Amino acid sequence: MVAGKVPAVAKGWFRKVTHRPPFQPIRKSPLPDEFPGVHRMDLDEEDAVLRVCRSRSLYRYYGVDPQGEVDAFEREFSASLGVRYALAVTSGTAALHTALTALRVGPGQEVIVPAYMWVSVIAAVVNLGAIPVLAEIDDTFCLDPRSVRSLITPRTAGIILVHMNGAPGDAPTLAAIAREYGLFLLEDCAQCVGGSIDGQKVGTFGDIGIFSFQMNKNMTSGEAGCVVTNDEALYRKALSSHDCGYSRGEDGLLRLEDEASFGWGRGSRMDELRAAILRVQLRRLPEVIQSMQHSKYRLRALLEGYEEVQLRRVLDTAGDTSCFLLVVLPDAAIARAINERLRAHGIVTSSAETSNVILEDYGMHIYFNIPALQRKIGTDLRGTPWTLVENRDSVYNYARGACPQSDDLFSRTQLLVIPSCLCDQDEEDLLAAFREVLEVVLSPDVHASVSR
Ligand SMILES: Cc1ncc(COP(=O)(O)O)c(C=O)c1O
């Protein structure tokens, strides 16, 4: 074994280093977990929940003493983005279903999705009977516009851009492609709440945007989501789909005369408790993002000094919500060696496999780690959507190797979460660990032996 090289050892937040000195782990306790919105929760969230409980009116459309929390949240959230309509729903997954239903996605259609996403994105397409088409990501770790262009067929209905890991993808270019071909652009901003490009918020570049407020997100009520759009007709259809199949008026009453919005509801209405919490979390969002930006860009400043280290391309650093750091290494072996040595230094979180992971191990964010996609499992006994006659011309391969450019990035990129509560000492530990690890692993003799 190369002197100073850390052996691969047992799983867990901290890997015991059994080899001889001089190796000294930099941290003795794990780093805080992801949960950006949670770290700053305080009495304001408690007050908000109590206010709703005391009103005994937990439902948005009526109650003994309605507080109008969901209405207020929708107003405040849409104002924060600069978009006309926001529709609060129960989760990001529900938001995806609501948005795609409003866009009338169905059998015979293809929807272009990135190779790097979360399984819910593909689930929403498949659940509606349409076919997902995998596109490559580029060094933004979001959709590669060139790949998208090459995949458009007469059956393509739209594109889902997923703003991954806190930083925006190239929404302006993808919006232009969508317009050129008459496709819809749905922006999935679940992981990028509060992100922007040149001052314009993500979620407002395409036809429709979705957000998640699940616990790992930049603001949270445990579970929740939102759909946003500037298009009134789309909003009405989304309103109908998330509820019971009919839109509603300002008074909260069902509008049975609004025929263009008729459909079949999914029952994804948000309740007053979550909205009350989210209103507080929305006010905190700028400070949460600022804190993560501070930590992340301290690390990036260090890493920029290493020729062998490539950082994710960020289109607008001011609009990067910074909840993750992606470090691209020259090859898979070096990435693994750096990853293991950082883990040995205690650069881990207590939830296993959520931080300091090589992307290809990052669960169902990676297309080839989604078992039901690999096996083309259907949503019913007929095998919908894969076996539908309307989809007979849409035969795609989802096995590893389908997106070689993305596969290459997955194999040599390390993901680190940047919690919103890192203290100065945490940041110093991260900097010290990276310095030590890069010096050892990238030193000419170790570098050569690792990559051999
Ligand atoms: C990119 C992306 N889209 C959609 C979702 C689904 O959100 P939810 O967990 O709120 O259903 C997530 C959740 O992690 C996500 O990361």
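This section describes the ligand site, the salt bridges and two backbone features of a predicted model.

The ligand occupies the largest pocket of the protein. Its shell is formed by 14 residues, of which Gly92, Thr93, Asp188, Ser212 and Lys217 are the closest. By character, the residues of this shell comprise five nonpolar, seven polar and two charged. Helix H3, spanning residues 92-102, supplies the largest share of the shell, namely three residues.

Several polar side-chain atoms approach the ligand. For Thr93, such an atom is placed 2.5 Å from an oxygen atom of the ligand. Ser212 likewise directs a polar side-chain atom to an oxygen atom of the ligand, here at 2.7 Å. In the case of Asp188, the partner is a nitrogen atom of the ligand, and the separation from the polar side-chain atom is 2.6 Å. The ligand taken alone exposes 390 Å², and 91% of that area is buried by the protein.

Beyond the ligand site, interactions between charged side chains were examined. In general, side chains of opposite charge can pair when their charged atoms come close. The structure contains 30 salt bridges. One of these joins the side chains of Arg27 and Asp426, with an N to O distance of 3.0 Å. Arg27 belongs to the segment before helix H1 (43-55), whereas Asp426 is part of helix H12 (residues 424-441); the pair therefore ties together parts of the structure that are 399 residues apart in sequence.

Two features of the backbone were also noted. As a general rule, most peptide bonds are trans, and most residues other than glycine have a negative phi. The peptide bond from Thr384 to Pro385 is cis, with an omega near 5 degrees. Pro385 is located in the loop that runs between helix H10 (371-374) and helix H11 (404-412). The other feature concerns Arg104, a residue other than glycine whose phi is positive, with a value near 60 degrees. Arg104 is found in the loop between H3 and strand S2 (110-114); H3 is also the helix that contributes the largest share of the shell around the ligand.

Conventions
Residues are numbered from 1 along each chain as its sequence is written. This is a predicted model: local features need pLDDT of at least 70, side-chain atom pairs count only at pLDDT 80 or more; totals for chains, interfaces and linings use all residues. Side-chain values use heavy atoms; hydrogens and water are left out. A residue is near a molecule or strand if one of its heavy atoms lies within 4 Å of it. A polar contact is a pair of N or O atoms within 3.5 Å; within protein, one must be able to donate a hydrogen and the other to accept it, and residues adjacent in sequence count only if both atoms are side-chain atoms. Accessible areas come from the Shrake-Rupley method with a 1.4 Å probe; for residues, only the protein chains shown count as cover. On a 1 Å grid over the protein atoms alone, a cavity is a set of points where a 1.4 Å probe fits but cannot get out, and a pocket is an open set with protein on both sides within 12 Å along at least five of seven lines; lining residues have an atom within 4 Å of a point. A molecule sits in a cavity or pocket if more than half of its atoms lie within 2 Å of its grid points. Helices (H or I, at least four residues) and strands (E, at least two) are DSSP runs, numbered from the N terminus. Ala, Val, Leu, Ile, Met, Phe, Trp, Tyr, Cys and Pro count as nonpolar, Asp, Glu, Lys and Arg as charged, and the others, Gly among them, as polar. A salt bridge is a side-chain nitrogen of Lys or Arg within 4 Å of a carboxyl oxygen of Asp or Glu.
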